[in-house]
Amino acid sequence: MISDPSPGFGVYIHWPYCARICPYCDFNVLRDRGRETEKAELVDAIIADLTATRALSGPRRLTSIFFGGGTPSLMEPAQVARLIAATRALWTPAAVVEISLEANPTDAEAARFAALAAAGVNRLSLGVQSLQDHALRFLGRNHDADAAITAIASAQKNFDRVSVDLIYALPGQDLEIWADDLTRIAATGVEHVSAYQLTIETGTAFHRAARRGTLSPMPIDPAADAYAMTQNMLERAGFDAYEISNHARGVTARSRHNLTYWRGEDYVGVGPGAHGRLTRGGRRHATLTPRRIADYIGGVGGSSEPMSTGDVASERLLMGLRTSEGVAWSDLSALKIPAAQLAHLSGFVELVDGRLTVTRQGRPVLDYLIGELAARGA
Ligand SMILES: C[S@@+](CC[C@H](N)C(=O)[O-])C[C@H]1O[C@@H](n2cnc3c(N)ncnc32)[C@H](O)[C@@H]1O
Ligand code: SF4
């Protein structure tokens, strides 16, 4: 069954500045050193980009705006309000537009939540990561567990919808302590939890440490146990794992914006280094903005490439199988997946009522399954 089947159209706004750079993060970020003039120019450039994109997209029903980063909770609320107003004026807002913003749970940022809510944000995604001070130090975070708990309470006072990001499977992590974190997060009453296994991304400080041998990632088996435990505990606490790492208390608590990605719907990506997907002239296009802030402001670079039917189908497979609603089999026809391959993966994937989904047993080996299906279809 698909929840909320009405088509989505989202706008992603990338804000690249962070108070400090975390050693695991490979997003397009840079240290915030004031740069107030540059930030004002960036807001103007984002509005110009949105306006140019509207000319290409034509009229659409806007279902979500997502301020991601970087750390958009460091934006001036007036800048957030300006970007929301510009986006709403360019496309036709749905009755309810989900407007999410990623925030770090420092005291200074929590003090701005009321102003961000007044600017129009109605869903806050808080990067709590852990409730253990030693883990937060290891992750290079600029907040402790008490600040995170205070920030969750403040977020709940100011926003109808609150989501918490957590990172687990840290080197040597004690699963009982992780279980305790999950219990405490569930007890706060937040409607949504994104629980990610720590990934050692190329080019990060953690990657260099792993190469030097000073950081040992959690081995595959304990990490798989941690994954299973996370799914089970959050399910018992009333969260539905509607995506491989995302858990919501009921259908209305799901992230409308992220569903737009996972369902292969159109979204605009603005700000430096932002990806988008836009159907125009009947053809889906992959867009990418310039990664460097100066280039973005100067309008230098960026791309919009038409996607082949094979690329579109591969992306549908990759994104759709992450979700509990799966992907329409008809969307995968260009992959020509043989029926025998489905039979071979029986128990791990299933095709019911024209939709392909991954079973509970298949979820821990999702990447393998996608590889098998994509390869056999090629
Ligand atoms: C774009 S980040 C930023 C949000 C915000 N700046 C923060 O740090 O709280 C979104 C989320 O991705 C997750 N994340 C980023 N890098 C990761 C990694 N290497 N492994 C696992 N999770 C990661 C974190 O949970 C983070 O909150
Ligand atoms: S995890 Fe968040 S705060 Fe840390 S560098 Fe990445 S975007 Fe910035």
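The paragraphs below lead through a predicted model, taking up its ligand surroundings, one arginine, a pair of helices and a sheet.

A good place to begin is ligand 1, which has 16 residues around it, and of these Tyr24, Gly127, Asp165, Tyr196 and Thr199 come nearest. Several strands contribute to this shell, for strand S4 (61-69), strand S6 (123-129) and strand S7 (161-168) each supply at least two of its residues. In character the shell around ligand 1 is mixed, with six nonpolar residues, seven polar ones and three that are charged.

Ligand 2 has its own surroundings, made up of Cys18, Ile21, Cys22, Cys25, Phe27, Val29, Gly69, Gly70, Thr71, Asn104 and Gly127. Here the division is six nonpolar and five polar residues, with no charged residue in the shell around ligand 2. Gly127, which is listed among the residues around ligand 2, is also one of those that come nearest to ligand 1.

From the ligands the reader may turn to Arg20, which is found in the loop that lies between strand S2 (17-18) and strand S3 (30-31). Is this residue buried or exposed? Arg20 has 13 other C-beta atoms within 10 Å, and because a residue counts as exposed at 12 or fewer and as buried at 20 or more, Arg20 is partly exposed. Leaving aside residues up to four places away in sequence, Arg20 touches Arg31 and Asn142. The C-alpha atom of Arg20 is also separated by 8.1 Å from that of Arg141, although the two residues are 121 residues apart along the chain.

The helices offer another view of the fold, since helix H1 (residues 36-57) and helix H2 (residues 77-90) have axes that come within 10 Å and cross at roughly 10°. Angles under 35 degrees count as roughly parallel, and H1 and H2 are therefore roughly parallel to each other. On the side of H1 the contact is made by Val43, Ile46, Ile47, Leu50, Thr51 and Arg54, which meet Gln79, Arg82, Leu83, Ala86, Thr87 and Leu90 in H2. The residues of this contact divide into seven nonpolar, three polar and two charged.

Further along the chain there is an open sheet of three strands, arranged in the order S15-S17-S16 with antiparallel pairing. Its edge strands are strand S15 (327-328) and strand S16 (349-352), each of which pairs on one side only. Strand S17 (residues 355-358) runs antiparallel to S16 and is joined to that strand by four bridges, and Leu351 stands opposite Leu356 in S17.

Notes: Residues numbered from 1 in each chain as written. Chains lettered and ligands numbered in written order. Predicted model: local features only at pLDDT ≥ 70, side-chain atom pairs only at ≥ 80, totals over all residues. Near = placed C-beta within 6 Å. Nonpolar A, V, L, I, M, F, W, Y, C, P; charged D, E, K, R; others polar. Contact = placed C-beta atoms within 7 Å. Pairing = 2+ DSSP bridges. Axes fitted to C-alpha atoms, helices over the stretch in contact; angles between N-to-C directions. Parallel < 35°, antiparallel > 145°, perpendicular 65-115°, else oblique.
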